[in-house]
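Let's go through this one together, one question at a time. Have the sequence and the model open beside you.

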Amino acid sequence: MIQANNVTLRVGKKALFEDVNIKFSEGTCTGLIGANGAGKSTFLKILSGQLEPTNGDVSITPGERLSFLQQDHFKYDEFSVMDTVIMGNQRLYDIMKEKEAIYAKEDFSDEDGIRASELETEFAEMDGWNAESDAATLLNGLGVDTELHTEIMKDVNSALKVKILLAQALFGNPDILLLDEPTNHLDLDAIGWLEEFLINFENTVIVVSHDRYFLNKVCTNIADIDYGKIQMYAGNYDFWYESSQLLIRQMKEANRKKEEKIKELQEFISRFSANASKSKQATSRKRALEKIELEEIKPSSRKYPYIDFRPGREIGNEVLQVTDLTVTEEGEKILDHVSFILGHDDKVAFVGGNERAKSVLFQILMGEREPDEGTYKWGVTTSQSYFPKDNSKIFDTDLTIVDWLTQYSEIKDATYVRGFLGRMLFAGEDGVKKMKVLSGGERVRVLLSRMMIENSNVLLLDEPTDHLDMEAITALNNGLIKFPGVLLFSCRDHQVVQTTANRIMEILPGGTLIDKITTYDEYLESDEMARKRTVYSTTEDEEADD
């Protein structure tokens with residue numbers, strides 16, 4: 001068990017946390033959620049002892065071992081992969097090294113013998129004889145092949161380092177496990193293995209993740225950071241989302257009924273308070289009125305944008321025909337005779353690790369570059385809106401947000417345009433911000449505003465969830481599910497793909513295309529290698545206090 005007792009953290013004059021009291025019980029897996037900048041990673045650092053709070057303390061059941069996922073990928077560069085994992089239990093590692101040093105001595109004394117005996121006893125109690133095989137099991141489960149276990153960490157690529165450091169955090173059955181974005185840069189096979197590990201893990205887990213699919217699979221509880229407080233909820237992320245929305249609706253409905261009652265009582269009092277025969281009733285109603293208290297509905301610090309793509313016209317049967325598109329860059333085939341036909345009900349997710357090929361295909365379909373070979377033809381009833389992955393050129397302008405967005409609106413009215421920005425959480429004065437000064441998250445929201453204002457019936461989106469927080473991802477997910485037109489999109493968010501796409505395409509290394517009418521989960525189940533080709537990673541706006 002681990003708990004925070006009256007924890008306060010001040011950064012300058014700002015209190016990031018104020019008198020937080022929360023307990024994480026044995027056997028629970030708690031997802032720590034909150035808006036960007038709420039302090040999720042910071043709170044994990046407080047729990048792990050990496051950061052001292054301004055006030056309060058963290059208490060852990062005596063004798064329990066805490067382990068956390070290291071973020072410094074160069075910390076263990078001089079150690080072997082196997083040693084790095086075993087260092088997850090530092091005491092066990094120290095015993096192993098001290099034993100080795102004693103047995104390596106040429107002049108082995110009686111004192112050395114006594115010390116070696118003590119170490120051997122403690123080593124056996126800690127199940128030390130199985131340490132290497134346990135570490136190997138973790139590494140293999142995460143996809144780090146056996147021949148790499150003796151390699152030095154500095155010679156291992158960054159993708160494997162992520163897996164090795166995760167194996168280190170999991171090693172030795174820690175009593176408390178803290179994980180900050182553990183799925184980032186893992187392939188889906190490794191994520192699936194980690195999900196099963198955590199589902200079967202009997203001790204305490206606290207995890208920060210932007211992967212809603214992952215949180216839904218592994219979490220028994222959700223701890224929500226809002227306004228410097230942390231509230232614990234039972235259930236996974238979807239259960240928290242539905243119940244938190246339901247609670248607000250119930251409070252609003254209760255307040256509406258109370259307001260009606262207040263109005264009714266006030267009208268009676270004003271009509272009959274001067275009437276002698278009714279004065280007793282008026283007095284009793286005054287007392288009743290004084291007892292009615294409206295529920296205080298504190299607005300959340302997290303904000304959900306409103307994303308709604310409405311086509312200006314219905315789409316016909318002929319949407320898109322692609323024939324033998326071929327592109328070669330620096331001798332490498334990016335697209336190799338790619339062909340497909342889209343119908344008016346298609347929602348196509350482009351999946352897999354070949355991100356360059358997806359972007360090149362989208363650029364060709366939007367007329368931004370020419371293929372080496374092949375053709376494509378859009379149907380006459382189609383209109384397209386495009387969300388490019390690389391948007392740096394778009395924002396290299398001195399225009400304000402409103403002036404830039406007005407170019408794409410049929411209605412050239414600043415108030416009308418500001419309405420779309422308001423949906424995307426840009427307050428009134430934000431509209432006069434210059435495009436070139438916007439953050440990554442703001443840029444995404446501006447581009448989604450453009451897509452809404454264009455009223456197209458075909459949407460092409462290339463990794464739109466990069467830089468978005470979970471609230472905006474949820475809103476985008478809902479908007480794409482409701483969209484009645486044709487979708488072509490690539491996205492790292494598993495839940496967006498699974499709930500939106502009815503057709504899966506994967507461009508393999510070498511440029512050939514797999515095309516299946518299926519859901520994402522069914523596609524992954526049918527192709528074991530597809531899970532290894534798909535790497536999950538998130539890119540969000542980094543904030544100093546998160």
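Q: Is Asp 527 buried or exposed?
A: This is a predicted model, where local features need pLDDT of at least 70, side-chain atom pairs count only at pLDDT 80 or more, and totals for chains, interfaces and linings use all residues. Residues are numbered from 1 along each chain as its sequence is written, and side-chain values use heavy atoms, with hydrogens and water left out. The cut-offs on relative accessible area are under 20% for buried, over 50% for exposed and in between for partly exposed (1.4 Å probe, protein chains only). Asp 527 has a relative accessible area of 18%, so the class that applies is buried.

Q: Which residue forms a salt bridge with Asp 527?
A: A salt bridge here needs a side-chain nitrogen of Lys or Arg within 4 Å of a carboxyl oxygen of Asp or Glu. For Asp 527 the N to O distance is 3.3 Å. Its partner is partly exposed, at 23% relative accessibility. That partner is Arg 533.

Q: How many salt bridges does the count come to?
A: Some of them join into a network, which links Glu 355, Lys 389, Asp 466 and Arg 492. By the rule above, the count for the structure is 30.

Q: How many residues apart are Asp 398 and Lys 436, the two ends of another salt bridge?
A: Their side chains meet at 3.0 Å, N to O. Asp 398 sits in the loop between β15 (384-387) and α12 (401-406), and Lys 436 in the loop between α13 (414-423) and α14 (440-454); helices (H or I, at least four residues) and strands (E, at least two) are DSSP runs, numbered from the N terminus. Asp 398 counts as exposed at 53% relative accessibility, while Lys 436 is partly exposed at 42%. The pair links distant parts of the chain, and the separation is 38 residues.

Q: How do α13 and α14 lie relative to each other?
A: Two packed helices are described by the angle between their axes and the distance between the axes. Axes are lines fitted to C-alpha atoms, for helices over the stretch in contact, and angles run from 0 to 180 degrees between N-to-C directions; under 35 degrees is roughly parallel, over 145 roughly antiparallel, 65 to 115 roughly perpendicular and the rest oblique. α13 and α14 pack at about 130°, with their axes 9 Å apart. This makes α13, relative to α14, oblique.

Q: What is the handedness of the crossing of α13 and α14?
A: Contact means heavy atoms within 4.5 Å, and here Tyr 416, Val 417, Phe 420, Leu 421 and Arg 423 of α13 meet Ser 449, Met 452 and Ile 453 of α14. A crossing is left-handed if the near helix is turned anticlockwise from the far one by less than a right angle, and right-handed if clockwise. For α13 and α14, the crossing is right-handed.

Q: At roughly what angle do the axes of α3 and α4 cross?
A: Helix α3 covers residues 90-103 and helix α4 residues 110-125, and their axes come within 10 Å. α3 passes α4 in a left-handed crossing. Among the residues making the contact are Leu 92 and Ile 95 of α3, with Leu 119 and Phe 123 of α4. The two helices are roughly antiparallel, because the angle is roughly 150°.

Q: Which residue forms a salt bridge with Asp 112 of α4?
A: Asp 112 is buried, with 10% relative accessible area, whereas its partner is partly exposed at 39%. The closest N and O atoms are 3.1 Å apart, and the partner is Lys 105.

Q: How many disulfides does the structure hold?
A: A disulfide is a pair of cysteine sulfur atoms within 2.5 Å. The sulfur of Cys 219, a buried residue at 9%, has its closest cysteine sulfur in Cys 29, 4.4 Å away and so too far for a bond. For Cys 491, buried at 10%, the closest is in Cys 219 at 20 Å, again too far. The number of disulfides is 0.

Q: Which helix holds Thr 474?
A: Thr 474 is buried at 5% relative accessibility. Leaving aside neighbours within four places in sequence, Thr 474 is in contact with Arg 212, Tyr 237, Tyr 241 and Tyr 304. Its helix, residues 470-482, is α15.

Q: What share of the protein's residues count as buried?
A: The protein has 18 helices and 20 strands, and its C-alpha trace spans about 105 × 85 × 45 Å along the principal axes. Of its 546 residues, the buried share is 50%.
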